[in-house]
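Trainee: Before we rely on any label in this structure, I would like to go through the reasoning behind it.
Mentor: Then let us take the labels in turn and set each value beside its cut-off.

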Amino acid sequence: MRTVDDILEHIGEFNFFQKQTFLLLALLSAAFTPIYVGIVFLGFTPDHRCQSPGVAELSRRCGWSLAEELNYTVPGPGPEGQAFARRCRRYEVDWNQSALGCVDPLAGLASNSSLLPLGPCRHGWVYDTPGSSIVTEFNLVCTNSWMLDLFQSAVNVGFFIGSVGIGYIADRFGRKLCLLITILINASSGVLVAISPTYTWMLIFRLIQGLVSKAGWLIGYILITEFVGLSYRRTVGIFYQVAFTVGLLVLAGVAYALPHWRWLQFTVTLPNFCFLLYYWCVPESPRWLMSQNKDAKAMKIIKHIAKKNGKSLPASLQSLGPNEEVGEKLNPSFLDLVRTPQIRKHTLILMYNWNLGVLVCSSMCDIGGIITPFLVYRLTNIWHELPLVVFAVVGLIAGGLVLLLPETKGKTLPETIEEAENMQRPRKNKEKMIYLQVEKLDTPLN
């Protein structure tokens, strides 16, 4: 049975068509960056302090500098240098009373300012930043700081659900259709995040963005690896993720130029609408079409690839003969990942080592992303270096589990469950046999 890889050997494994498609999908990979790590800029937490009525007027009357105002009116660091008291507590003092002087105004109220009662920030906060973030706009600090953790966990919940489901959906309805739908929803929800009037609406739209954004990124990864020949799959897979890294560099520059989070969100979201033009630029995967017994459509796309690459398709490959058809239409199921022992073992290991797998396996990374924002801050309260120790132990276990996986270097990847099950089994010595073709002549009987 001839495969797409066999055909690509004749029409080009990584020629003009594949290079053009790779560049287009690499842009999609780079555009995923603001969603994956955008919290660094959207949720930036600047230095802040309680807003106390009367302090600004007293500072203006006394001609204090900012350093003097902070020294006289803001509590010092908490125990062991913690900044919680300075950022989240205020002196229970009426700063409008005329008895307060300009030189150490609290001296007349207590011999030591540490003896003065402290209270929560009842009038909001003052943020030392020229820009804005979701933290400064919705006051996600102090007792509300968990809401920032929830914002990042919400997008990781979306990543997890989307990653688990997109594999089945893409196998059922096709890569191209799923790609375009995820692009549209991602771009629309991103704009809605930028114009959200409340924290709750912003959280909902961010969750929706997480549901489709990583799913679209994974579909792009699948498409480009299915368009190229066997020897180029690893290379394009690596550089597809390099494009994500380039997106990090671009995002940092854009965030520096746009310090206000709403404008930043608009700027990094609007280009996603341009990806809808891929309807005319990126065809459906011929591999998927063949798996669905849509050989005519697959051959049409293969001929298009050959034309783009300036190659001619041999006559013997221009149609699939009866013995070359895929046969029964594939109906993938999640149970295929755990139904047989070898694949079950590989699935569990890859789910732990998320970067070595895609779809279901990479979704396990998102479970870590859901709990990490809350877990890290709790561990640092116990011991500041404890998160690093936990990450190191988890990484060592991951490295050990990889040794149990089969080596794939220089080997043809399995395409069926049976082939995957037999990857690590030693081959039995087969008896060498020589087959001779004997032509029998029909002679008339005398």
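**Labels and the values behind them**

Mentor: In this predicted model, helix H9 (146-173), helix H10 (175-194) and helix H11 (199-227) each supply at least two residues of the nonpolar patch, and the largest share, 4 residues, comes from H10.

Trainee: Which residues make the nonpolar surface patch?

Mentor: The patch, of about 1,000 Å², is made by Tyr-168, Ile-169, Phe-173, Leu-177, Ile-181, Leu-184, Ile-185, Trp-201, Ile-204, Ile-208, Leu-270 and Phe-273.

Trainee: What makes Leu-184 partly exposed, and what lets a residue of that kind enter a patch?

Mentor: Leu-184, which is found in helix H10, has a relative accessibility of 42%; partly exposed covers the range between the 20% and 50% limits, so that value earns the label. A patch residue needs over 30% relative accessible area, and therefore Leu-184 at 42% passes that test as well.

Trainee: How do you know that the buried residues of helix H13 line one face of the helix?

Mentor: The buried residues of H13 (residues 261-269) are Trp-261, Leu-264, Gln-265, Val-268 and Thr-269. Seen down the axis of H13, these residues fall within an arc of 120°, so they line one face. The general background is that an α-helix has 3.6 residues a turn, so residues three or four places apart point the same way.

Trainee: What do the buried residues of H13 pack against?

Mentor: They pack against helix H3 (33-37), helix H4 (39-42), helix H8 (134-138), H10, H11 and helix H12 (233-257).

Trainee: Which residues does UniProt list as "transmembrane region", and what does the model show over residues 236-257 and 263-282?

Mentor: The unreviewed UniProt entry lists residues 21-44, 150-170, 177-195, 201-224, 236-257, 263-282, 354-376 and 388-405 under that name, and such annotations may be inferred rather than shown by experiment. Over residues 236-257 the model's chain is 100% helix and 0% strand, with the end C-alpha atoms 32 Å apart. Over residues 263-282 the chain is 55% helix and 0% strand, and there the end C-alpha atoms are 30 Å apart.

Trainee: Why is the pair of Asp-5 and Arg-287 called a salt bridge?

Mentor: The criterion is a side-chain nitrogen of Lys or Arg within 4 Å of a carboxyl oxygen of Asp or Glu; the closest N and O atoms of Asp-5 and Arg-287 are 2.7 Å apart, so the pair meets it. The pair links distant parts of the chain, with Asp-5 in helix H1 and Arg-287 in helix H15, 282 residues apart. In general, side chains of opposite charge can pair when their charged atoms come close.

Trainee: Are these two residues buried or exposed?

Mentor: Asp-5 has a relative accessible area of 12% and Arg-287 one of 17%; buried means under 20%, and therefore both residues count as buried. Leaving aside neighbours within four places in sequence, Arg-287 is in contact with Val-4, Asp-5, Leu-8, Glu-226, Val-228 and Arg-233.

Trainee: Which other salt bridge does Asp-5 take part in?

Mentor: Arg-233 forms a salt bridge with Asp-5, the closest N and O atoms being 3.0 Å apart. This pair also joins distant parts of the chain, with Arg-233 in helix H12 and Asp-5 in helix H1 (residues 4-11), 228 residues apart.

Trainee: What accessibility goes with the salt bridge of Arg-122 and Glu-92?

Mentor: Their side chains meet at 2.9 Å, N to O. The pair links Arg-122, in the loop between strand E3 (118-120) and strand E4 (125-127), with Glu-92, in the loop between strand E2 (89-91) and E3, 30 residues apart. Arg-122 has a relative accessible area of 52% and exposed means over 50%, so Arg-122 is exposed, whereas Glu-92, at 33%, counts as partly exposed. Elsewhere, salt bridges that share partners join Asp-5, Arg-233 and Arg-287 into one network.

Trainee: Why is Val-55 called buried, and which residues does Val-55 touch?

Mentor: Val-55, found in helix H5 (residues 55-62), has a relative accessibility of 7%, which is under 20%, so the label buried follows. Not counting residues up to four places away in sequence, Val-55 touches Glu-69, Thr-73 and Trp-95. The C-alpha atoms of Val-55 and Glu-69 are separated by 8.0 Å.

How values were computed:
Residues are numbered from 1 along each chain as its sequence is written. This is a predicted model: local features need pLDDT of at least 70, side-chain atom pairs count only at pLDDT 80 or more; totals for chains, interfaces and linings use all residues. Side-chain values use heavy atoms; hydrogens and water are left out. Patches are made of residues with over 30% relative accessible area and no salt bridge: like charges are joined within 9 Å, nonpolar side chains (Val, Leu, Ile, Met, Phe, Trp, Tyr) within 5 Å. Accessible areas come from the Shrake-Rupley method with a 1.4 Å probe; for residues, only the protein chains shown count as cover. Buried means under 20% relative accessible area, exposed over 50%, partly exposed in between (1.4 Å probe, protein chains only). The arc is that of the directions from the helix axis to the C-beta atoms. Contact means heavy atoms within 4.5 Å.
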